[in-house]
Amino acid sequence: MPSTAKARIADIEQRLLLDAIYHRYHYDFREYAQASLKRRLQSALTQFGCKTLSQLQDRVLHDPPVFTALLQFLTVQVSDMFRDPEYFLALRNEVLPILRTYPSIKVWVAGCSAGEEVYSLAILLAEEGLLERAMIYATDINPHALRAAEQGIFDMDRVAAFSANHVRSGGRSSLSDYYTARYGRVVFDKRLREHMVFSDHSLATDSVFAEVHLISCRNVLIYFERDLQSRALGLFHDALVHRGFLGLGSRESLRFSSQAGNFDDFVLDDRIYRKKAGR
């Protein structure tokens, strides 16, 4: 069979698989970046011993644990604590002084993965004396990632990089003040987790669930097609309080989105935006 025909069949199979996942499990990947999904699904074929996506679809439809395992391929779980330290430094110096004026602070980390950014923000708030009046809502569509995030446990061999990022973010203390080392892993303090709520939430299908002062959704939108990006940004706009803040990833921007007119650039180099007055 010619390679172009094979590619076309593979595209059809991919669309059918994503439709099947949506109708069977109500997870909607149909507007995720298809090229990225294709690479991850090819890796999944090897893992599940399938020759085609049609074979994988059959297993996903009839064996729910296969779908649970497949979620690990469909969702990207790559992060670090204080990733892009300049972003956290900008939050520390430019955003938190404004949020300090509120009696309580609500933060939404959308696409929280295994929790690295959630704990980074909690530590940042603690160092600035704001954690006691803050609540962080951490959401993701991957239940395995949410369970890991709620536990707050990370491998010790990652801590050196975490600590270096923390210092570059303007850290006012030692990162070790916030965790306990045990058997090659570190466990972050319960006092941080007391200010976190972990919940399943899909930017593709769910609605706004809270009014918040800061949303941090970094390196998530790059995996969405344009329409889904617009939907997610619309949710963020609706969730933010008057003049609330939105932080995106270093490769993401509002510039060409349908929501561009509803936000002001705040710290543009670090992709921090502020909801416009009256919008």
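Two strands are taken to pair if DSSP finds at least two bridges between them, where strands (E, at least two residues) and helices (H or I, at least four) are DSSP runs numbered from the N terminus. The model is a predicted one, in which local features need pLDDT of at least 70 and side-chain atom pairs count only at pLDDT 80 or more, while totals for chains, interfaces and linings use all residues. Residues are numbered from 1 along each chain as its sequence is written, and side-chain values use heavy atoms, with hydrogens and water left out.

With pairing so defined, an open sheet of three strands appears in the order E3-E5-E4, and its pairing is antiparallel. Its edge strands, each pairing on one side only, are E3 and strand E4 (179–182), and the twist from one strand to the next averages 25°, with angles running from 0 to 180 degrees between N-to-C directions and axes being lines fitted to C-alpha atoms, for helices over the stretch in contact. Three bridges join E3 to strand E5 (residues 185–188) in the antiparallel sense, and Phe 154 has Val 186 in E5 as its bridge partner.

Phe 154 also leads to the second largest pocket, which holds about 270 Å³ of space. It is lined by 15 residues, of which Ala 114, Ala 148, Ile 153, Phe 154 and Arg 158 are the closest to its centre. Helix H7 (143–151) and strand E3 (153–155) are the elements that give two or more residues to this lining, and H7 gives the most, with four residues. For both pockets and cavities, a 1 Å grid over the protein atoms alone is used: a cavity is a set of points where a 1.4 Å probe fits but cannot get out, a pocket is an open set with protein on both sides within 12 Å along at least five of seven lines, and lining residues have an atom within 4 Å of a point. Grid points are joined across faces, edges and corners, and a volume is the space filled by probe spheres set on the points.

The largest pocket has a volume of about 480 Å³ and is lined by 30 residues, with Val 76, Gly 111, Asp 140, Asn 219 and Val 220 nearest its centre. Two or more residues of this lining come from each of strand E1 (105–110), helix H6 (116–127), strand E2 (134–140) and strand E7 (212–217).

Turning to enclosed space, the structure holds one cavity of 30 Å³ or more, and the largest cavity has a volume of about 40 Å³. Its lining consists of Leu 91, Leu 96, Leu 99, Ile 105, Val 107, Leu 121, Leu 124, Leu 125 and Leu 214, with helix H5 (85–99), E1 and H6 as the elements that give two or more residues.

Strand E1 takes part in an aromatic pair as well. Rings of Phe, Tyr and Trp (its six-membered ring) pair if their centres lie within 6.5 Å, with planes under 30 degrees apart counted as stacked, over 60 as edge-to-face and the rest as tilted; by this rule the count comes to 16 aromatic pairs. The ring centres of Trp 108 and Phe 209 are 4.9 Å apart and their planes stand at 75°, so the pair is edge-to-face. This pair links distant parts of the chain, since Trp 108 is in strand E1 and Phe 209 in the loop between strand E6 (196–200) and E7, 101 residues apart.
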